[in-house]
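Reader: Could you take me through one part of this model up close? I'd like to hear about the salt bridges, and then a word on any empty space inside.

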Amino acid sequence: MTRQADVPIHVPGGVTAPKGFRAAAVCAGIKKQERPDLALLVSDVEAAVAGVMTTNRIKAAPLLVDQPRLKRGKTRAVVINSGCANACTGPEGLEDAKAMAFETARALSLDERDVLVASTGVIGARLPMDRVRGGILRAAAQLTPAGGPQAATAIMTTDTMPKEIAIRETSGRVAITVGGMAKGSGMIHPQMGTMLAFLTTDAAVAPRTLQAVLKRCVDVTFNTIDVDGETSPNDLVIFMANGLAKNTPVTSGVALSTFEAMVRQVCERLALMIVRDGEGASKLVTLRVKGAASAAAAKHVLLAVSRSPLVRTAWHGEDANWGRTISAIGNAGVPIRPERIALYIGPVAVVRQGVGVGASAEAQAAVILKQSEFSVTVDLGQGKAEAVMRTCDLSQEYVRINASYRS
């Protein structure tokens with residue numbers, strides 16, 4: 001990666017697009033419907049590994065298993081189930097998560113410490129371990145370099161579509177690929193919501209460098225999306241790098257910046273897929289706060305607006321009701337100068353100096369709100385700090401989905 005690199009190209013395969021990765025998905029019987037609900041993702045050789053977890057103080061059993069294993073900086077496989085979060089299940093749930101890793105290691109002839117675990121689904125329920133064990137054995141027998149798309153389907157819960165991507169960049173005789181898959185539709189928030197994401201690369205990258213790259217990329221992608229202001233105990237991003245591209249190890253300089261740009265592109269695309277697939281969502285909104293006195297103030301205002309059900313239902317109803325946004329700004333808990341606030345829907349100013357511009361501007365804004373994608377910008381007029389996130393509207397469908405999630 002020291003020579004001039006080509007522009008990255010999209011390639012098929014998701015997490016199995018990089019060299020040396022195989023995956024499989026099976027119907028283990030965890031979900032009530034007969035749908036894929038268990039996936040294995042395996043590197044053919046030892047891989048460096050990095051991970052970022054939820055900031056929720058309650059962590060699901062798989063994360064408790066993974067924490068010390070991620071610190072080792074190397075892994076070979078991850079076993080993932082959907083349909084049951086294995087969260088708030090006590091010591092028994094922790095043993096179940098350990099058993100998933102043990103059974104995977106035994107089926108693949110690996111060291112148990114080289115297996116990571118991830119789960120997603122209903123909180124508080126125990127895993128049907130007899131079915132899980134059988135599913136792991138069948139998945140291990142079906143591993144294939146073409147299994148990435150099937151794995152992306154098996155990790156879905158309320159998602160309406162699988163989320164995967166892979167890009168490749170060639171420099172001289174070396175081609176490096178970064179692949180990814182994610183699940184997430186509800187309980188999404190900038191502290192990582194109910195999302196799982198798995199990234200793979202055949203690049204040679206040391207664990208410490210991989211962790212630093214992942215953290216920076218997550219901060220500006222997965223941690224800048226919001227669906228409903230909720231987080232969960234299961235949120236996890238895992239990144240595996242097995243070095244089979246035979247590149248000079250990525251450490252610094254152009255090689256590092258090129259590699260990080262690839263990782264960020266993969267994370268950004270997956271993050272946008274999550275927001276577009278938000279439960280009941282019909283609008284993708286780029287929400288920006290600028291002119292803040294500090295970065296912290298910008299973030300507080302950003303979260304206050306994005307968390308407001310009144311604001312987000314107005315977006316869904318295509319109503320330029322700017323008073324709801326102004327009210328949310330005032331509830332952000334930071335010093336505000338109302339007479340300096342401006343509010344834009346797309347390029348249209350509906351508020352200037354804290355006062356509505358008028359009916360004509362609102363009519364223009366209403367046209368923009370009918371689009372499937374638009375921006376909303378708050379200018380506080382107090383400084384130069386800003387913050388941005390991708391979010392969505394709040395609809396009746398969101399209520400329907402979550403009112404009957406367990407039934």
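Author: Here's a walk through the charged pairs, followed by the cavities.

Keep in mind that this is a predicted model. It holds 17 salt bridges in all, and a few of them deserve a proper look.

Let's start with Arg69 and Glu112, whose side chains meet in a salt bridge at 3.6 Å, N to O. Arg69 sits in helix H1 (residues 61–71), while Glu112 is in the loop between helix H2 (90–108) and strand S5 (115–120), so this pair ties together parts that are 43 residues apart in sequence. The two ends sit in different accessibility classes: Arg69 has 12% relative accessibility and counts as buried, since the cut-off for that is under 20%. Glu112, with 29%, is partly exposed.

Now for a pair inside one helix. Lys98 forms a salt bridge with Glu95, and the closest N and O atoms are 3.8 Å apart. That still makes the grade, because the limit is 4 Å. The two residues are three apart in helix H2, so about one helical turn separates them. Here both partners are partly exposed, Lys98 at 34% relative accessibility and Glu95 at 47%.

Next come Asp159 and Lys163, with a salt bridge of 2.7 Å, N to O, between their side chains. Asp159 is buried, at a relative accessible area of 7%, and Lys163 is buried too, at 0%.

Not every bridge stands alone, either: Glu103, Arg106, Asp130 and Arg133 are linked in a network of salt bridges.

On to the empty space. Searching the whole structure turns up two cavities of 30 Å³ or more, and the largest encloses about 80 Å³. Who lines it? Helix H8 (309–316), helix H9 (322–330) and strand S11 (342–345) each give at least two residues to the lining, with H8 supplying the largest share, three residues. Among the lining residues are Val311, Ala314, Trp315, Trp322, Leu343 and Ile345. By class, the lining of this cavity has nine nonpolar, two polar and one charged residues. The charged one is Asp319, and the two polar ones are Asn321 and Thr325.

Conventions
Residues numbered from 1 in each chain as written. Predicted model: local features only at pLDDT ≥ 70, side-chain atom pairs only at ≥ 80, totals over all residues. Heavy atoms only, no water. Helix = DSSP H or I, 4+ residues; strand = E, 2+ residues; numbered from the N terminus. Buried < 20%, exposed > 50% of the residue type's maximum accessible area, 1.4 Å probe, protein only. 1 Å grid on protein atoms, 1.4 Å probe; cavity = no way out; pocket = protein on both sides within 12 Å on 5 of 7 lines; lining within 4 Å. Points joined across faces, edges and corners; volume = space filled by probe spheres on them.
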